[in-house]
Each structure stands twice: as structure tokens, then as C-alpha cells.
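Here are my notes after going through the model you sent. Have it open while you read, and take the points in order.

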Amino acid sequence: MGKQRTNITIDSQLLSDAREMGLNVSAIAEAALRTARREAWLAENAKALEERRNYYQTNDTILAPYRVLTV
């Protein structure tokens, strides 16, 4: 996946402090966007994930009889 330049608006003092601390603002922004995307996906799919979890708690998996290790 390639990188693309973009412009964002950041409080000037905050940006100055980040630069002074040697922080990579681009990396921080990418990490924040990935986290937001993940949280949005989890929220969007929360019902389906819960239903799947409940199904396997009550029904186990089709291959359960062939399990070698159990917890």
C-alpha cells in the first residue's frame, strides 16, 4: 500500500511540541486512523460477533470431536 500526501490542520503549539519531542506526526495520525477504523468496524459488526460467540458457546464447532488439545 502506497503513501499519499495530505494536508491536515493541527494546533501550531501542539505541532511545535511534537516536533520538539521528535514525534513522527504522520505515524501518529496513521495509527489513530487505523484505531478509529478498527473501532468503527467492531461497532458495526458487534451484533454479528456476539451472535457468533453465543452460537459457539452453546453449539461448539463441527470439528470439536476431533480436537486433540482441550482447555
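1. Start with Arg-34: its relative accessibility is 48%, so it counts as partly exposed. Arg-34 makes a salt bridge with Glu-30, with the closest N and O atoms 3.5 Å apart. Both residues sit in helix α2, four residues apart, or about one turn of the helix. Bear in mind throughout that this is a predicted model.

2. Glu-30 has another partner. Its side chain also meets that of Lys-3 in a salt bridge, at 2.7 Å from N to O. Glu-30 belongs to helix α2 while Lys-3 is in the segment before α1, so this pair ties together parts that lie 27 residues apart in sequence. Glu-30 is partly exposed, at 26% relative accessible area, whereas Lys-3 counts as exposed at 70%.

3. Now for helix α3, which covers residues 46–59. Here Arg-53 and Glu-50 form a salt bridge, their closest N and O atoms being 2.7 Å apart. The two are separated by about one helical turn because they are three residues apart in α3. Arg-53 is partly exposed with a relative accessible area of 45%, and Glu-50 is partly exposed too, at 36%. Back with the earlier residues, Lys-3, Glu-30 and Arg-34 are joined into one network by salt bridges that share partners. A search of the whole structure turns up four salt bridges.

4. Next, the largest pocket, which holds about 640 Å³ of space. Which residues come closest to its centre? They are Lys-3, Gln-4, Thr-6, Ser-26 and Glu-30, out of 17 that line the pocket. So the salt-bridge pair from point 2, Glu-30 and Lys-3, turns up again here.

5. As for where that lining comes from, α1 (12–20) and α2 (25–44) each give at least two residues. Helix α2 provides the largest share, with seven residues. By type, the lining of the largest pocket splits into seven nonpolar, six charged and four polar residues.

6. Last, a look at the surface. Ile-8, Ile-10 and Leu-14 make a nonpolar patch of about 280 Å². Ile-10 is found in the segment before α1. Is Ile-10 buried or exposed? Somewhere in between: with a relative accessible area of 31%, Ile-10 is partly exposed.

Note on methods. Residues are numbered from 1 along each chain as its sequence is written. This is a predicted model: local features need pLDDT of at least 70, side-chain atom pairs count only at pLDDT 80 or more; totals for chains, interfaces and linings use all residues. Side-chain values use heavy atoms; hydrogens and water are left out. On a 1 Å grid over the protein atoms alone, a cavity is a set of points where a 1.4 Å probe fits but cannot get out, and a pocket is an open set with protein on both sides within 12 Å along at least five of seven lines; lining residues have an atom within 4 Å of a point. Grid points are joined across faces, edges and corners, and a volume is the space filled by probe spheres set on the points. Ala, Val, Leu, Ile, Met, Phe, Trp, Tyr, Cys and Pro count as nonpolar, Asp, Glu, Lys and Arg as charged, and the others, Gly among them, as polar. Patches are made of residues with over 30% relative accessible area and no salt bridge: like charges are joined within 9 Å, nonpolar side chains (Val, Leu, Ile, Met, Phe, Trp, Tyr) within 5 Å. Accessible areas come from the Shrake-Rupley method with a 1.4 Å probe; for residues, only the protein chains shown count as cover. Buried means under 20% relative accessible area, exposed over 50%, partly exposed in between (1.4 Å probe, protein chains only).
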